[in-house]
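Dear colleague,

Please find below the structure that I agreed to pass on to you. I would be grateful if you read the notes under it with the structure open beside them.

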Amino acid sequence: MNVLITGSKGQLGNELRVITEKKVQDKFFFEDIDTLDITSDSAVDNYFAEHNIGAVINGAAYTAVDKAESDTVNAYKVNESGVRVLSKTCCKYNAFMLHISTDYVFDGNAATPYTESAATNPQSVYGMSKLAGERAMIESGVNGAIVRTSWLYSSFGNNFVKTMLRLAKNCEVSTDSAAIKVVNDQTGSPTYAADLADVLLRLLAQQYVQKCNVQNGVEIYHYANSGYCSWAEFAAEIMRLSRSLCRVLPITTAEYPTLAARPKYSVLDTSKIKTALGVEIPVWQNALERMLGR
Ligand SMILES: NC(=O)c1ccc[n+]([C@@H]2O[C@H](COP(=O)([O-])OP(=O)(O)OC[C@H]3O[C@@H](n4cnc5c(N)ncnc54)[C@H](OP(=O)(O)O)[C@@H]3O)[C@@H](O)[C@H]2O)c1
């Protein structure tokens with residue numbers, strides 16, 4: 001089967017490229033906005049026809065959470081309209097679609113992990129645009145799956161882990177205070193994009209076979225590394241594993257205001273995907289250690 005990976009220069013896209021290098025049964029096509037803009041109906045349609053695409057993993061997204069608050073049109077263009085274009089084209093060519101969404105579709109007021117059927121209530125433009133994308137995909141009637149994930153990081157691209165490593169370097173050379181301040185009242189599950197990539201390919205293999213001849217719509221799954229922490233605890237583990245002398249000073253969200261509101265608690269219940277695939281999910285500390293050791 002020919003599988004299109006969109007947003008291939010992003011964190012997830014790069015991890016999918018690494019992991020698919022050893023897969024020989026399927027042929028993978030990697031494209032980013034410079035070669036295939038998912039918001040262009042005609043470009044996407046031509047691409048499917050030319051390359052005989054049988055499945056898509058949509059790694060393309062507008063992910064600048066704070067910028068999205070003022071850049072609403074572009075956030076919706078990619079996260080809603082782009083997903084609609086891909087879904088409609090998948091329907092036309094009878095292709096399977098795997099799409100990635102976010103814990104930011106939830107408001108964060110829960111005290112126990114969010115299941116796939118929990119009520120959504122995004123608090124930011126980014127979260128709202130991603131939820132609009134989920135709805136566009138479901139309404140299209142495409143065969144596929146949405147995987148919501150959280151706090152994604154990788155050795156590719158920009159993310160919290162790389163920011164902490166960079167700050168740690170500066171902090172160690174500073175003379176006055178060898179510490180960085182990190183928010184301690186938001187709880188979630190850091191997720192290594194390489195682990196997500198692995199599960200997406202398993203899901204694609206399983207669901208594609210099950211669904212290729214039946215029209216049964218979109219299934220939602222949650223995937224994140226096991227366990228949870230605050231951003232400050234995550235930062236402290238990054239310092240420990242990278243043997244940094246830099247200390248982490250826990251602060252509150254109120255002390256570190258951002259343009260977009262983040263959920264206070266966004267731990268995802270991952271039982272459904274574990275049962276569906278028969279997999280155990282690595283704990284976040286183990287995943288972080290693998291990323292840092294790469
Ligand atoms: N990062 C997180 O913490 C996080 C958490 C939960 C869920 N997610 C979701 O996980 C998925 C993967 O995230 P990621 O962190 O890998 O994202 P990423 O690193 O920002 O990569 C997204 C890629 O998509 C590209 N892109 C943007 N607009 C496009 C368009 N119109 N057509 C084609 N490509 C386009 C981006 O290019 P430019 O860089 O040039 O814009 C970028 O290369 C996304 O759906 C995201 O919403 C992410």
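The notes below go from the whole protein to its sheet, its helices and some single residues.

**The protein as a whole**

Please bear in mind that this is a predicted model. The protein contains nine helices and 12 strands. Its C-alpha atoms fill a box of roughly 60 × 40 × 40 Å along the principal axes. The radius of gyration is 19 Å, which agrees with the value near 19 Å of a compact globule with 294 residues. Of the 294 residues, 46% are buried. Sequence neighbours tell little of the contact pattern: among contacts between residues at least 6 apart in sequence, 85% join residues at least 24 apart.

**The open sheet**

In which order do the six strands of the open sheet lie? The order is β2-β1-β3-β4-β5-β10, and the pairing is parallel. The edge strands are β2 (27-31) and β10, each of which pairs on one side only. From one strand to the next, the twist averages 20°.

Strand β5, residues 144-149, is a good place to begin looking. It is mostly covered, with six of its six residues buried. Are the faces of β5 covered or open? Both faces are covered: Gly144, Ile146 and Arg148 are buried on one side, and Ala145, Val147 and Thr149 are buried on the other.

Strand β5 has a partner on either side in the strand order. With strand β4 (residues 96-102), β5 pairs in the parallel sense over six bridges. In this pairing, Leu98 stands opposite Ala145, and Ile100 stands opposite Val147. With strand β10 (residues 218-222), β5 is joined by five bridges, and these two strands also run parallel. Here the bridge partner of Val147 is Tyr221. Val147 therefore can be followed in both directions, as it faces Ile100 in β4 and is bridged to Tyr221 in β10, while being buried with 20 or more other C-beta atoms within 10 Å.

**Helices beside the sheet**

How does the chain pass from β4 to β5? Strand β4, helix α4 (residues 125-140) and strand β5 make a right-handed β-α-β unit. Helix α4 lies across β4, β5 and β10, and runs at about 160° to β4. Helix α3 (residues 72-92) lies across β3 (53-58), β4 and β5, and it too runs at about 160° to β4.

The loop between β4 and α4 holds Ser117. Ser117 is exposed, because 9 other C-beta atoms lie within 10 Å, and a residue with 12 or fewer counts as exposed. Ser117 and Tyr221 are 104 residues apart in sequence, yet their C-alpha atoms are 9.6 Å apart in space.

**Helix α9**

Which residues are buried in helix α9 (residues 284-292)? They are Trp284, Ala287, Leu288 and Met291. These residues cover an arc of only 100° around the axis, which puts them on the same side of α9. The spacing follows a general rule: an α-helix has 3.6 residues a turn, so residues three or four places apart point the same way.

**Some single residues**

Glu31 lies in strand β2, which is an edge strand. Why does Glu31 count as buried? Glu31 has 22 C-beta neighbours inside 10 Å, and the cut-off for a buried residue is 20 or more. Leaving aside neighbours within four places in sequence, Glu31 is in contact with Leu4, Thr6, Ser8 and Leu36. Thr112 is 81 residues from Glu31 along the chain, and their C-alpha atoms are separated by 38 Å.

Two further residues have a positive phi although neither is a glycine. For Asn52, phi is near 50°. Asn52 lies in the loop between α2 (41-51) and β3, and counts as exposed because it has 11 C-beta neighbours inside 10 Å. For Arg243, phi is about 55°. Arg243 lies in the loop between α7 (231-241) and β12 (247-251), and is exposed, with 7 other C-beta atoms within 10 Å.

With kind regards

Methods: Residues are numbered from 1 along each chain as its sequence is written. This is a predicted model: local features need pLDDT of at least 70, side-chain atom pairs count only at pLDDT 80 or more; totals for chains, interfaces and linings use all residues. Helices (H or I, at least four residues) and strands (E, at least two) are DSSP runs, numbered from the N terminus. Two strands pair if DSSP finds at least two bridges between them. A crossover is right-handed if, with the strands pointing away from the viewer, the path from the first strand over the helix to the second runs clockwise. The arc is that of the directions from the helix axis to the C-beta atoms. The radius of gyration is taken over C-alpha atoms; the globule rule is 2.2 Å times the number of residues to the power 0.38. Two residues are in contact if their C-beta atoms, placed from the backbone, lie within 7 Å. Axes are lines fitted to C-alpha atoms, for helices over the stretch in contact, and angles run from 0 to 180 degrees between N-to-C directions.
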